[in-house]
Amino acid sequence: MTISATDPNGPLYYNGWYHLFYQYNPDSAIWGNITWAHAISKDLIHWLHLPFAMVPDQWYDINGVWTGSATILPDGRIMMIYTGDTYDVVQVQCLAYPANLSDPLLLKWVKDPSNPVLFPPPGIGPKDFRDPTTAWLSPDGDKWRITIGSKIGKTGISLNYETKDFIKYDLMDGFLHQVPGTGMWECVDFYPVSMVGQNGLDTSVNGPGIKHVLKASLDDDKNDYYALGTYDPIKNKWTPDDPELDVGIGLRYDYGKYYASKTFYDQHKKRRILWGWIRETDAESLDLLKGWAGVQSIPRSIVFDKKTGNNILQWPVEEVESLRSSSVEFKDVTLVPGSIIPLEVHSPSQADIVVSFDIDKKTIEEAANMSYDCSKSGGAVNRGPLGPFGIIVLGDETLSELTPIYFYIAKAYNGKPDTHFCADELRSSKASDVEKIVYGSTVPVVEGEKYTIRSLVDHSIVESFAQGGRSVITSRIYPTKAINDAARIFLFNNATKAKVTASIKIWKMDTADIHPFPLDQI
Amino acid sequence: MLRKTEKMKIQLISLIMVFALHTMASQNLIETTCKSTPNYHLCATTLKASPGSSTADVADLGLIMVAAVKAKSREALSTIHKLRRRRQPKLSQALQWCAEVYKAVFEGDVAVAEQALRGNPKFAETAMAGVALEADTCEDAFEGVVVPPPALSGVNKVVHELALVARAIIRNLL
């Protein structure tokens with residue numbers, strides 16, 4: 001049986017609570033019964049489920065209350081714009097808002113009587129018009145702007161709209177951006193990041209020292225792509241810093257299973273926070289997900305990577321660390337070529353692993369040129385002079401099941417090392433009906449840095465962050481043997497030449513359900 | 001020179017007077033505090049019925065009232081439970097809503113108020129204001145379908161009133 005619970009919607013912080021809405025289909029036997037489920041939290045980790053915020057009860061959303069975004073106005077009002085799928089299967093945009101802003105739980109939501117506020121414009125297909133963004137202020141500060149993803153032919157585009165009241169909209173000339181060949185842009189997200197500061201930025205902020213991230217979920221390949229660029233508020237256009245790494249053809253938020261993600265500005269702690277849904281969840285796994293992370297993937301904070309200047313860093317929100325309990329640490333472990341070392345840990349299926357690896361520079365310099373590609377590599381069994389080395393999670397004692405998360409240093413023809421970061425699911429499970437792929441990509445390693453991984457393991461989900469969050473891979477693992485206390489964690493070095501030194505710390509992660517609401521956050 | 005027994009009498013009378021003054025002061029505190037709420041009678045009877053109230057400070061009085069909201073919410077949940085067992089289709093959707101609302105009142109608002117009252121009373125005040133609004137949504141959930149069951153209506157009303165009284169008491173701490 002499939003319970004459909006997907007797409008994080010309208011995340012916001014308001015009056016002491018973090019709110020998250022998500023697409024929920026209580027009975028997948030009835031197609032189109034998509035509601036907005038509602039949950040609140042004080043710490044992004046422990047969630048309290050509230051009654052449904054919105055159900056498909058109007059002609060304009062009877063076939064689904066789909067993805068939407070919240071805009072908090074300076075006067076404190078909340079505007080929620082969302083896509084409704086109408087009775088005749090047309091995608092329209094609709095406005096909703098809390099019935100009572102004095103209710104801190106924001107239980108009741110009202111749909112504006114003017115709905116729908118936007119129909120697909122001429123030239124745009126009725127099924128290619130969805131997922132409106134959070135609004136940002138125009139340069140004069142008197143109008144609000146949103147963007148909505150779509151496509152024309154095979155070109156992914158993002159439409160520009162302006163509004164004063166969130167009810168009447170003007171379609172503006174020209175798109176915020178477009179990229180040929182990328183197909184339909186779903187769940188478009190558009191937000192500023194600071195090149196100099198530590199904090200996130202409100203969606204309306206612009207000026208020197210700021211770049212804008214444009215992100216799209218590509219319907220055609222079900223991955224989330226982003227690019228850094230510059231936003232011109234006069235022309236209302238965004239231009240990528242590197243056209244070769246444009247939206248949909250360049251960087252991804254996550255090289256594993258991660259889709260329909262959305263950010264919001266957390267004004268409480270001044271962070272830009274990313275929510276993602278881990279795809280293909282079945283009912284069984286939904287229970288497992290509650291291991292300690294709750295219903296969603298761990299929210300990540302996003303900042304600009306000042307060291308490389310051309311990507312963002314994602315990192316699990318610091319509140320996750322409150323679930324850490326006991327830990328074990330192993331420092332300066334020597335891993336000669338071909339070694340694999342089991343680590344004695346409690347709770348190997350609910351763990352927060354932080355590991356760093358060191359390799360002798362000379363070995364890298366002396367190694368021959370070779371190319372690599374995680375997805376074509378055949379995984380961690382295939383050895384090179386400088387890789388693979390890393391950790392194994394959710395492995396059983398005999399390694400009949402194992403998931404290596406590793407680095408592989410290759411060398412381009414110009415002699416420069418390219419570091420690849422991969423998650424090898426080829427032997428992750430003895431079950432035969434499970435997808436088995438090696439996920440990954442290259443990850444920039446700055447001069448002087450060690451090779452670092454942080455991996456959050458939660459039974460069937462592993463989220464791994466390389467180089468402080470420069471590259472992230474979310475893995476769905478379905479082990480049959482390597483479960484609960486039968487799972488094992490290993491350090492390994494399957495390179496042929498490189499001697500690797502590893503230092504690793506592993507925390508046991510408590511189950512979020514066990515802790516009552518951490519109201520000391522107040 | 002006072003004799004021993006007379007000394008003791010004076011000490012005893014002094015003690016009784018201090019105690020009486022203290023109790024009068026507390027009763028005055030309850031009265032003053034309840035005068036600042038929208039429902040003096042409900043406030044005073046609820047507080048006086050609580051064993052600790054005679055030696056309570058304002059924050060304690062606030063907590064006593066929050067506890068009263070909690071208890072009444074529990075009663076609401078139990079009333080909803082009984083009504084659901086009757087399995088009347090016309091009531092079921094509204095009762096579902098009410099059950100979820102009161103669960104949220106419990107785990108969200110009351111929990112916050114209990115924890116935050118001393119350290120961060122603003123959150124406690126907001127939470128109690130929220131409870132009043134949320135109890136109303138339970139009442140409204142029946143609108144257009146059927147008259148709300150009187151037992152539930154009664155409890156909704158009391159929760160609403162208690163929450164507003166609690167909010168007003170907490171306001172004194174801001």
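1. Starting with a detail in this predicted model: the backbone nitrogen of Lys307(A) sits 3.1 Å from a polar atom of the Asp305(A) side chain. That side chain also makes a polar contact with the side chain of Thr308(A), at 3.2 Å. Asp305(A) itself belongs to the loop between strand E20 (300-304) and strand E21 (312-316) of chain A.

2. Is Asp305(A) buried or exposed? With a relative accessible area of 2%, Asp305(A) is buried. Setting aside neighbours within four places in sequence, its contacts are Asn310(A), Asn311(A), Ile312(A), Leu313(A) and Arg470(A).

3. Stepping back to chain A as a whole: it has two helices and 33 strands. Its radius of gyration is 23 Å, close to the 24 Å that the globule rule gives for 522 residues, so chain A is as compact as a globular protein of that length. The C-alpha atoms fill a box of roughly 70 × 50 × 45 Å along the principal axes.

4. On packing, 60% of the 522 residues of chain A count as buried. Among chain A contacts between residues at least 6 apart in sequence, 63% join residues at least 24 apart. Chain A exposes about 19700 Å², with carbon and sulfur atoms supplying 52% of that area.

5. Now the cysteines. How many disulfides does a search of the whole structure find? There are three over all chains. One joins Cys374(A) to Cys422(A), S to S 2.1 Å. This pair links distant parts of the chain, 48 residues apart: Cys374(A) is in the loop between helix H2 (361-366) and strand E25 (389-395), and Cys422(A) is in strand E27 (residues 417-424). Both cysteines are buried, and the torsion about the S-S bond of Cys374(A) and Cys422(A) is about -70°, so the disulfide is left-handed.

6. In chain B, Cys34(B) is bonded to Cys43(B) with an S to S distance of 2.0 Å. Here too the S-S torsion is about -70°, so this disulfide is left-handed. Cys34(B) and Cys43(B) are both buried.

7. Another chain B disulfide, Cys98(B) to Cys138(B), has S to S 2.1 Å and is right-handed, with 100° about the S-S bond. Cys98(B) lies in helix H4 (residues 89-116) and Cys138(B) in helix H5, so the pair ties together parts that are 40 residues apart in sequence. Helix H5 (residues 121-140) of chain B reaches 29 Å from first C-alpha to last, close to the 28 Å expected. Of its 20 residues 14 are buried, so H5(B) is largely enclosed by the rest of the structure.

Note on methods: Residues numbered from 1 in each chain as written. Chains lettered and ligands numbered in written order. Predicted model: local features only at pLDDT ≥ 70, side-chain atom pairs only at ≥ 80, totals over all residues. Heavy atoms only, no water. Helix = DSSP H or I, 4+ residues; strand = E, 2+ residues; numbered from the N terminus. Buried < 20%, exposed > 50% of the residue type's maximum accessible area, 1.4 Å probe, protein only. Polar contact = N/O pair within 3.5 Å; in protein donor to acceptor, adjacent residues only side chain to side chain. Contact = heavy atoms within 4.5 Å. Expected span 1.5 Å × (residues − 1). Rg over C-alpha atoms; globule rule 2.2 N^0.38 Å. Areas by Shrake-Rupley, 256 points an atom, 1.4 Å probe, with all protein chains shown as cover. Disulfide = S-S within 2.5 Å.
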